[in-house]
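Here is a walk through one protein model, strand by strand and then outward to the whole fold. Keep the structure open while you read.

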Amino acid sequence: MRRLALLAFLAAPGLLACQRGVPADEAVASITEADFLHKVGIIAHDSMMGRYNPSPGLTMTAEWIAEEFEKYGLEPGGDDGSFIQAYKVRELAMDFEGSSAEFAGGPSLEFGTDVYPITASAGGASGPVALIVGNLADAQDLPPEQLSGKHLVIVPSASAQTSGRRRIRFPRGLTNVQPASVIMVDQSSDEAWAEAVDRSRNRTQRLLPWNDGAGGGPAMLSIREGVLGSVLADHGIQLSSLMARGGGAVAVVDVPSLELTVNTATQELDGFDMPNTVAILEGSDPTLKNEYIVYSGHMDHVAPTTPNEAGDSIRNGADDDASGTIAVVELAEAFSMMAERPKRSMVFLAVSGEESGLWGSRFYAENPGVAPGELVANLNADMISRNAPDSIVVIGKEHSDLGETLNRVNAEHPELNLTASDDIWPDQNFYRRSDHFNFARRGVPVLFFFCGIHEDYHGVDDEVEKMDITKATNVTKLMFHLGLELGNAAEKPQWDPASYEEIVDMGG
Ligand SMILES: [Zn+2]
């Protein structure tokens, strides 16, 4: 039902047929509030279900943007002459039947009955068991040479109530250790244990294109208290008395007579393809057209949540980041109309996977389809339609001459009524929190247009009705003027040398 309703919506005729061969001031005038609102209404519509990763709504959004780009007469920048650049996300699940754990001389442990894996990883290791007692959070300096190669059993204090429901992390005190495995002692009831085993069977590990591992790393297992207790008793150790000792300073109890072999196996699921949508406007200068200015916004958002009192569970992501995505679409339309194209080439990029860890921008930045060094600037818009109506925060101004250029261009456009402010939340580290960072790390100067966090951030009330469309449109126009300036400038943007050293040379 939802899908059909949406297709009917998409088939409705466009508001205006776009004109071609116009001067810059007419091109920028194509960025209208009506157009912005209409387009945002499509991708932030309830039928898109929040465009989460991966979902049919995200795919539909990617394809709708591709159709827009095609309509504007832009060149495809994706795979095989299309506007879609796909990247594969592999998924691994644990293979309980193919996994085993056995103490030398017995017993062997049954996956699903005696132990379950906390993370999906494949590998095998044999070694002695060492018990770690005490409060690991305080143990920054456990000697790696004493612990590496051993199966480390984390003994909780009896009062800690370790059931499978809580989220278990790799213990902080063990970060420098390379153990054979990490084994958590689980005190759950039968019922809670069964639920935890179920969750473990259904848990998957996602492997992104740049992660070639087979889900490696030491196995992390959960073992039932009773099972471990009886094995240790045979080696003269009372688990219950170690647990009764409680937290406090960390102590290591080696059990050299107890050898364990753990082999874990994973099973490859189908995985899924994720889309970026990419269009290119080739530059008009025979040399400078090999330099690319990338406009970006992320089209993905997050999955529905628990319904609120009004029964709304869809997190529409109108501001985050339908606003920045439509800015990119509107910029694509405006630039495509120009009689005189900029000297440099322009890339219009809508990425996916931002909310899951900046996936799509990383994939694009590593696979732009042009030679390394040919991307010369990234202007990223992520949330541009909320908060102060007459100012936009632009993060990264101090790191390259893009900041100065922006200030100059903005001063030339008082009609936009916008202050392009410096980063007013430096302690929040926003420079590293959206897609532009994947470009910056790889040496591309960036600016990040951002209105700031608000009370509806990642909530069901990030709705179209709450957007400041005037502001979003003006920010988009400012991005147009800036991109045009950069596209025609004699020199490409330059890093501040100290920033380059800090951000690029140090690997971000
Ligand atoms: Zn965002």
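Glu75 stands opposite Ile280 of strand 13. That pair belongs to a short antiparallel match, with two bridges joining strand 1 (residues 75-76) to strand 13. Bear in mind that this is a predicted model.

Strand 13, which covers residues 272-281, is worth following further, since other strands pair with it too. Strand 2 runs antiparallel to strand 13 over six bridges, and within that pairing Val89 has Phe272 as its bridge partner. Strand 15 (residues 345-351) is also antiparallel to strand 13, through five bridges. Here Ile280 turns up again, this time with Val347 of strand 15 as its bridge partner. How much of strand 13 is buried? Eight of its 10 residues are, so the strand is mostly covered.

Here are those pairings side by side, plus one from elsewhere in the chain.

| Strand pair | Sense | Bridges |
|---|---|---|
| strand 1 and strand 13 | antiparallel | two bridges |
| strand 2 and strand 13 | antiparallel | six bridges |
| strand 13 and strand 15 | antiparallel | five bridges |
| strand 3 and strand 4 | antiparallel | two bridges |

The last row takes us to another sheet. Eight strands make up an open sheet with mixed pairing, in the order 4-3-11-6-7-8-10-5. Its edges are strand 4 (108-109) and strand 5 (115-117), each of which pairs on one side only. Strand 3 spans residues 100-103, and its Ala101 has Leu109 in strand 4 as bridge partner.

Strand 10 (residues 219-224) holds Ser222. Is Ser222 buried or exposed? It's buried, because 23 other C-beta atoms lie within 10 Å and 20 are enough to count. If you want a second landmark, Glu195 is 27 residues from Ser222 in sequence, and their C-alpha atoms are 13 Å apart in space.

Now for helix 11. Why call it largely enclosed by the rest of the structure? Because seven of its eight residues are buried. The buried ones are Trp359, Gly360, Ser361, Arg362, Phe363, Tyr364 and Ala365. They pack against a mix of elements: strand 2, strand 13, strand 14 (292-298), strand 15, helix 10 (354-357) and helix 13 (436-440).

Next, the nonpolar interior. The largest nonpolar core contains 92 residues, and Phe348 and Met479 have the most contacts inside it. Helix 9 (residues 318-336) supplies the largest share of this core, 10 residues. Leaving out residues up to four places away in sequence, Phe348 touches Phe69, Leu74, Ala279, Tyr295, Val328, Leu331 and Ala332. A second core, separate from that one, has 43 residues, among them Ala120, Val153, Leu228 and Leu258.

Stepping back, the chain is split into domain 1 (22-90 + 271-505) and domain 2 (96-264). Their C-alpha centres are 44 Å apart. How many residues of each domain meet at the contact? Seven from domain 1 touch five from domain 2. On the domain 1 side, strand 2 (84-94) and helix 11 (359-366) are the elements that give two or more residues. Strand 2 gives the most, with four. By class, that side of domain 1 has four nonpolar, three charged and no polar residues.

For the chain as a whole, there are 15 helices and 19 strands. The C-alpha trace spans about 85 × 55 × 40 Å along its principal axes. Of the 508 residues, 44% are buried. Among contacts with a separation of 6 or more, 84% are between residues 24 or more positions apart.

Finally, how far to trust it. The mean pLDDT is 91, and 91% of residues reach 70 or more. Residues 1-9 fall below 50, and this stretch has six contacts in the model beyond near neighbours in sequence. Residues 11-16 also stay under 50, with three contacts beyond four places in sequence. Where pLDDT is low, the predicted coordinates shouldn't be read in detail.

Conventions
Residues are numbered from 1 along each chain as its sequence is written. This is a predicted model: local features need pLDDT of at least 70, side-chain atom pairs count only at pLDDT 80 or more; totals for chains, interfaces and linings use all residues. Domain bounds come from an automatic or database domain assignment. Two residues are in contact if their C-beta atoms, placed from the backbone, lie within 7 Å. Ala, Val, Leu, Ile, Met, Phe, Trp, Tyr, Cys and Pro count as nonpolar, Asp, Glu, Lys and Arg as charged, and the others, Gly among them, as polar. A residue is buried if 20 or more other C-beta atoms lie within 10 Å of its own, exposed if 12 or fewer, and partly exposed in between; C-beta atoms are placed from the backbone. A nonpolar core is a set of buried Ala, Val, Leu, Ile, Met, Phe, Trp, Tyr and Cys residues joined through C-beta atoms within 7 Å. Two strands pair if DSSP finds at least two bridges between them. pLDDT is the predictor's confidence in each residue, from 0 to 100.
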